[in-house]
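Please find below my notes for a colleague who is meeting this entry for the opening time. The points follow the order in which I would look at it.

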Amino acid sequence: MLISSSLSCSLFTVKFPSGTYNVPRNAFDLYTPRMVKGKGKDKVGLCPICIESVKRGGEGKKVWLSMKFSAYNYHLQYRHGISASSGQPYLPPIAFRITVRRFPQKTEKAVIKEGKCHQCKKWVAVEGVKDVEVKVKEMFWWKHAASCHGPSNQDVRTIFEQDEYFQKLEGFGA
Ligand SMILES: [Zn+2]
Ligand SMILES: [Zn+2]
């Protein structure tokens, strides 16, 4: 059963954030914006993760992103690690290893961390070669996952914490 916007706002006692309600694939779809505004090239979607409270892993703020120029897609996939095709988090590597790099430049790392992909079975660098701090470390892996992993359908019970929110949504058979 799909949950309407007014019902979901009252269910979780949150304020209606503005915009038009956009129906997700199901209640556990982390990718699809619940709220959209504008049309065509001006269409923007509200990030469903950033709007959550810091306590619940969000940022407690409204982040509207262009749907037309893939800003939305980029943000969800490479800022949050949510697959556009499945609406679920990318699966992590199945193993890690440290590899010594053969001819590192001065500003580059001598060793690099790699993760093994369950899909293609390859070892993929999960960090950059440059010796600098990056904002979202997981991005290297997510970029590989976006191009390699097909649409997966993980059991939502393995993805979500089974807190009161989860239980409310599960009650709707979502
Ligand atoms: Zn976000
Ligand atoms: Zn792969």
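1. In which sense do strand 5 and strand 6 pair, and over how many bridges? Strand 5 and strand 6 (residues 111-116) pair in the antiparallel sense over six bridges, where strands are DSSP runs of E of at least two residues and helices runs of H or I of at least four, numbered from the N terminus, and two strands pair if DSSP finds at least two bridges between them.

2. This is a predicted model, in which local features need pLDDT of at least 70 and side-chain atom pairs count only at pLDDT 80 or more, while totals for chains, interfaces and linings use all residues. Residues are numbered from 1 along each chain as its sequence is written, chains are lettered from A and ligands numbered from 1 in the order written, and side-chain values use heavy atoms, leaving out hydrogens and water.

3. The open sheet has three strands in the order 5-6-7, with antiparallel pairing; its edge strands, strand 5 (95-100) and strand 7, each pair on one side only. Val100 stands opposite Val111 in strand 6.

4. The zinc ion (ligand 1) has as protein donors Cys47 (SG), Cys50 (SG), His75 (NE2) and His80 (NE2), lying 2.0 to 2.3 Å from it; donors are N, O and S atoms within 2.8 Å of the metal (3.2 Å for Na, K and Ca), and sites may look incomplete because water is not among the atoms. In sequence, these donor residues are spaced C-x2-C-x24-H-x4-H.

5. Cys47 is buried, at 0% relative accessibility, and His75 is buried too, at 13%, where buried means under 20% relative accessible area, exposed over 50% and partly exposed in between (1.4 Å probe, protein chains only).
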